[in-house]
Amino acid sequence: MTSPSNRGAPVSTEPRINDRIRVPEVRLVGPNGEQVGIVRIEDALRLAQEADLDLVEVAAQARPPVCKLMDYGKFKYETAQKARESRRNQQLTVIKEQKLRPKIDPHDYQTKKGHVARFLSHGNKVKVTIMFRGREQSRPELGYRLLQKLAEDVAELGFVESNPKQDGRNMIMVLAPHKNIKPRPVKQEQDGVVEADEAAEASE
């Protein structure tokens, strides 16, 4: 039973090593992956000391627990290096936003389409929002046709990930870049946070 003093304490994810392994016997694996068999903990610790290695518990739930002879410091370093490399190669998905009016003039449409094409070419998803005002709300088909046209115009760079849908006074569609388009390094965005394109908002 857990004592009150231990409640709320962080659970360690570190494996038990050497003297912290307190079981009568273990299934021992050698430094090169060879199966040694079930040995007494005293013998396993002696073998580790003789080889100048650590005895590391790698499968605590097994009966008896599985332990391996290894250089634990080197193992932790290599694991941390792999984790850093994995994070470095991880690609952040950023969602940009582009806003249009249903009765947008041709010049503004070309400008907005250019923004969407640029976002997709950089590997970003784009949330396209049609903003209806006043009587425009009674003509949702205008927004739908505009979103369809936009999707067709940028089809070489992206595809419709989320079909147009009404959301209050707005109609929203999400475009995603084709898989062969890789995201560019993200500098300002943090943790893949969804953000609106400032230039797009400024032009409204």
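Me: Which residue takes a positive phi of about 90° just after α3?
Reply: Happy to start there, with the reminder that this is a predicted model. Helix α3 covers residues 106-121. Just after that helix, the residue with a positive phi of about 90° is Gly123.

Me: And at the other end, which residue caps the N-terminal end of α3?
Reply: The clue is a side-chain oxygen placed 3.0 Å from the backbone nitrogen of His107. His107 itself is exposed, as is Pro106. The residue that provides the capping oxygen is Asp105.

Me: What arc do the buried residues of α3 cover around the axis?
Reply: The buried residues of α3 are Tyr109, Lys112, His115, Val116, Phe119 and Leu120. Their directions put them on the same side of α3, while Pro106 and His107 are exposed on the other side. The arc they cover is only 135°.

Me: How far does α3 reach from its first C-alpha to its last?
Reply: Good one to check against the ideal: α3 has 16 residues, and at 1.5 Å a residue the expected reach is 22 Å. The helix comes close to that expectation. Its reach from first to last C-alpha is 22 Å.

Me: In what order do β5, β6, β7 and β8 stand in their open sheet?
Reply: Start from the edges: β5 and β7 each pair on one side only. Inside the sheet, β6 and β8 pair in the antiparallel sense over six bridges. The pairing of the sheet as a whole is mixed, and the order is β5-β6-β8-β7.

Me: Which residue in β8 stands opposite Ile130?
Reply: Ile130 falls within β6, which spans residues 125-131. That strand pairs with β8 in the antiparallel sense. The residue opposite Ile130 in β8 is Met171.

Me: What angle does the direction of α4 make with that of β8?
Reply: Both α3 and α4 meet this sheet: α3 lies across β5, β6, β7 and β8, running at about 170° to β5. Helix α4 packs on the sheet too, touching β5, β6, β7 and β8. Its direction makes an angle with that of β8 of about 10°.

Me: Why do the buried residues of α4 line one face of the helix?
Reply: The residues in question are Leu142, Gly143, Leu146, Leu147, Leu150 and Ala151. Seen down the axis of α4, they line one face because they fall within an arc of 165°.

Me: Which elements do those buried residues of α4 pack against?
Reply: One partner is a helix, α3. The others are strands that belong to the open sheet ordered β5-β6-β8-β7. Put together, the packing partners are α3, β5, β6, β7 and β8.

Me: Is Glu136 buried or exposed?
Reply: Glu136 sits in the loop between β6 and α4. Setting aside its neighbours within four places in sequence, Glu136 is in contact with Arg101, Pro102, Lys103 and Met131. Its relative accessible area is 13%, and the cut-off for burial is under 20%, so Glu136 is buried.

Me: Which residue has its backbone nitrogen 2.9 Å from a polar atom of the Glu136 side chain?
Reply: The loop holding Glu136 runs between β6 (125-131) and α4 (140-153). The backbone nitrogen at 2.9 Å belongs to Arg133.

Me: Which are the edge strands of the sheet ordered β2-β1-β4-β3?
Reply: This is an open sheet of four strands with mixed pairing. Five bridges join β1 to β2, which run antiparallel, and five bridges join β3 to β4, also antiparallel. The strands that pair on one side only are β2 and β3.

Me: Which residue takes a positive phi near 90° in the hairpin of β1 and β2?
Reply: Across the strands of this hairpin, Glu25 stands opposite Arg40 in β2. Between the strands there are five residues. Among them, the one with a positive phi near 90° is Gly33.

Me: What is the bridge partner of Leu55 in β4?
Reply: Leu55 lies in β3, which spans 54-59. That strand and β4 (residues 66-70) run antiparallel. The partner of Leu55 is Leu69.

Me: How far apart in space are Gly73 and Asp54, C-alpha to C-alpha?
Reply: Gly73 is found in helix α2 and is partly exposed, with a relative accessible area of 46%. In sequence, Gly73 and Asp54 are 19 residues apart. In space, their C-alpha separation is 8.9 Å.

Key
Residues numbered from 1 in each chain as written. Predicted model: local features only at pLDDT ≥ 70, side-chain atom pairs only at ≥ 80, totals over all residues. Heavy atoms only, no water. Helix = DSSP H or I, 4+ residues; strand = E, 2+ residues; numbered from the N terminus. Buried < 20%, exposed > 50% of the residue type's maximum accessible area, 1.4 Å probe, protein only. Polar contact = N/O pair within 3.5 Å; in protein donor to acceptor, adjacent residues only side chain to side chain. Contact = heavy atoms within 4.5 Å. Arc of directions from axis to C-beta. Pairing = 2+ DSSP bridges. Axes fitted to C-alpha atoms, helices over the stretch in contact; angles between N-to-C directions. Expected span 1.5 Å × (residues − 1).
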